[in-house]
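This report walks through one structure for a reader who has the sequence and the coordinates at hand. Please keep both open while reading.

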Amino acid sequence: MRILVVDDDYAMRDLLKLMLKDYEVYEAENGREAIEVFRSTRPDIVLMDIMMPEMDGIAATQELLKMDSNTVIIGVTAFASHKGREILKAGARDVIEKPFTKKKLIETLMKHVNK
Amino acid sequence: MLRNMLTGKSERKKLVDVFLVLSFIMVFLIIRGVFEPREAIPIGRVLTESALLSFALSVYLISRRYSRILITFGFGLLSLGIYTHILSEYFFDADSSVMVAEIIMLLSGLILLYSFMRFYREMRDINGRLETMVTFLRIMNSSLRHDILNSLTVILGYLEFYRENKDEFLLDKVEEKLKYIEKSLHNFKNAESLMGGENSQINLRELVEEVARDFAGEAKISVKVEDVNVVGNSLLKSAIWNIFHNSIKHGGKSGIKIEVRSEDLGSHVDLIITDNGVGIPKSIREKVFEEGFSFGNAAGSGMGLFIVRKTVEMFDGKVFIESNEPEGAKFIIRLKKAVVS
């Protein structure tokens, strides 16, 4: 399974790579970069942070879904109540609220991969 | 305190002014009472003196910019004019008194017009300041929660891995994030003074030296700032702190040198902060002060420099970036000099 991790915090990207070491992981540090990486790698799942510079997760989600409407995008946010709702409205399949554990992350991914 | 910050005046200063006004009236009445017996003074002169005294007080109140007191005073004076006019016309039958009463009414009308205009401008200014403060606190709150929750995710995640393989490297990551939380809390602590401090004045050199001491172990900082008071409060410390932190964080190398100097511009003073780091590309110099903008591998929440701009603007100052030849970044904070009272 190929996963694209989009987050402006490099420590968070490193942690996600560590948690997902059994998978093929690509990374991008903002929405704009995510579009470029997505175009070249075509991942199965995108883990999308929301508050990012240049292009935020909500705008990036809309752009990615225009490129491929079947893309599974999962929002990752500290503000699940309002930012989470926004990214779900933009087309994300699910939202993971920070802080989260490795178990919770894998469970959420599996829920959408097995569908 | 919040009201003082918004209006820029303290209750103590107002009391001193009221005391001065009352003393002036008392002295005037005593001197006149000593030199002239009351029955010898004609009504026309009493009214003329009242008008002149009122005029002098109006000029004083206008110079002290007390719009609300001026409105009350203006209405009082208008009542006095109307009352005198009625008395003069129906009881004294004195043309001179009628004329003086009309002058008083005209004067009160002008005072009321001026004070209402002034009051409107003050309210507009206060609303502007309130909006800035609310925006500032909203962003700080959101930024702090975001930074802490983000950092907690990383800390808990690395601790989970540490339990499995006891790799010291993971603890370094945890420590790094804990320091980041400390920095975020430091920023928020400074923002708290927004609600408690007065918008008065602060010594620029002492402020810079205080911040330089905070970074003593992390960078070589030289301070050549003149001994001048600027309009602001302790929030400016947070602004300077953020720029120093930015230089060290984005400098791209260890042993960053930061030079701080000031330049006198008459009514303003420029605080010029330069470093020998990698600098800031010309294309993003305007953007770095925008909300949420961050860049490079060491990018943070993108709030630091936005808060710097908002803080400096709160004191009618501005902050901008110029090219620093041959290397590094150059931040200029332009602040208003405090008027010595």
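What follows describes a predicted model, beginning with chain A and moving on to chain B.

**Chain A: overall build**

The secondary structure of chain A consists of five helices and five strands, and along the sequence these elements follow the pattern β-α-β-α-β-α-β-α-β-α. Of the 115 residues in chain A, 52% are buried. Among the contacts in this chain with a separation of 6 or more, 55% are between residues 24 or more positions apart. The accessible surface of chain A comes to about 5,200 Å², and carbon and sulfur atoms account for 46% of that area.

Helix H1 of chain A, which covers residues 10–19, has A:Ala11, A:Met12, A:Arg13, A:Leu15, A:Leu16 and A:Met19 as buried residues. An α-helix has 3.6 residues a turn, so residues three or four places apart point the same way. At the start of H1(A), a side-chain oxygen of A:Asp9 comes to within 3.0 Å of the backbone nitrogen of A:Ala11.

**Chain A: A:Asp49 and A:Lys98**

Is A:Asp49 buried or exposed? With a relative accessible area of 2%, A:Asp49 is buried, because the cut-off for that class is under 20%. This residue lies in strand E3 of chain A, residues 45–49, and its side chain is joined to that of A:Lys98 by a polar contact of 3.4 Å. Leaving aside neighbours within four places in sequence, A:Asp49 is in contact with A:Val6, A:Asp7, A:Asp8, A:Gly57, A:Val76 and A:Lys98.

A:Lys98 also takes part in a backbone feature, for a cis peptide bond with omega of about -5° joins A:Lys98 and A:Pro99. A:Pro99 is placed in the loop between strand E5 (94–97) and helix H5 (102–113) of chain A.

**The nonpolar cores**

In soluble globular proteins, nonpolar side chains tend to be buried together. Here the largest nonpolar core has 43 residues, and the members that touch the most others are B:Ile240, B:Phe244, B:Leu271, B:Ile273, B:Phe331 and B:Ile333. Several elements of chain B each supply at least two residues of this core, including helix H5 (95–165), strand E4 (257–264), strand E5 (268–275) and strand E7 (329–336). The largest share, eight residues, comes from H8(B). When neighbours within four places in sequence are set aside, B:Ile240 is in contact with B:Leu207, B:Val208, B:Val211, B:Leu271, B:Ile273 and B:Ile333. A second, separate core has 25 residues, among them A:Val5, A:Leu16, A:Leu47 and A:Leu109.

**Aromatic rings in chain B**

How many aromatic pairs does a search of the whole structure find? Over all chains there are three. In one of them, B:Phe215 and B:Trp241 form a tilted pair, with 5.2 Å centre to centre and 50° between the planes. B:Phe215 lies in the loop between helix H7 (204–214) and strand E2 (220–224) of chain B and B:Trp241 in helix H8 (residues 235–250), so the pair ties together parts that are 26 residues apart in sequence. Both partners count as buried, B:Phe215 at 2% relative accessibility and B:Trp241 at 9%. B:Phe215 and B:Trp241 belong, together with B:Phe244, to one aromatic cluster.

A ring elsewhere in chain B has a charged partner: B:Lys177 lies over the face of B:Tyr180, at 4.8 Å from the ring centre.

**Positive phi and a buried serine in chain B**

The table lists two residues of chain B that have a positive phi although neither is a glycine.

| Residue | Phi | Loop in chain B | Relative accessibility |
|---|---|---|---|
| B:Lys166 | about 50° | between H5 and helix H6 (168–196) | 53%, exposed |
| B:Asp316 | about 60° | between H9 and E6 | 47%, partly exposed |

B:Ser108, by contrast, lies in helix H5 of chain B and counts as buried at 0% relative accessibility. Not counting residues up to four places away in sequence, B:Ser108 touches B:Gly74, B:Leu77 and B:Leu78. The C-alpha atoms of B:Ser108 and B:Phe55 are separated by 9.1 Å, and the two residues are 53 residues apart along the chain.

Terms used
Residues are numbered from 1 along each chain as its sequence is written. Chains are lettered from A and ligands numbered from 1 in the order in which they are written. This is a predicted model: local features need pLDDT of at least 70, side-chain atom pairs count only at pLDDT 80 or more; totals for chains, interfaces and linings use all residues. Side-chain values use heavy atoms; hydrogens and water are left out. Buried means under 20% relative accessible area, exposed over 50%, partly exposed in between (1.4 Å probe, protein chains only). Helices (H or I, at least four residues) and strands (E, at least two) are DSSP runs, numbered from the N terminus. A polar contact is a pair of N or O atoms within 3.5 Å; within protein, one must be able to donate a hydrogen and the other to accept it, and residues adjacent in sequence count only if both atoms are side-chain atoms. Rings of Phe, Tyr and Trp (its six-membered ring) pair if their centres lie within 6.5 Å; planes under 30 degrees apart count as stacked, over 60 as edge-to-face and the rest as tilted. A charge sits over a ring if NZ of Lys or CZ of Arg is within 6 Å of the ring centre and within 35 degrees of the ring normal. A nonpolar core is a set of buried Ala, Val, Leu, Ile, Met, Phe, Trp, Tyr and Cys residues joined through side-chain atoms within 4.5 Å. Contact means heavy atoms within 4.5 Å. Accessible areas come from the Shrake-Rupley method with a 1.4 Å probe; for residues, only the protein chains shown count as cover.
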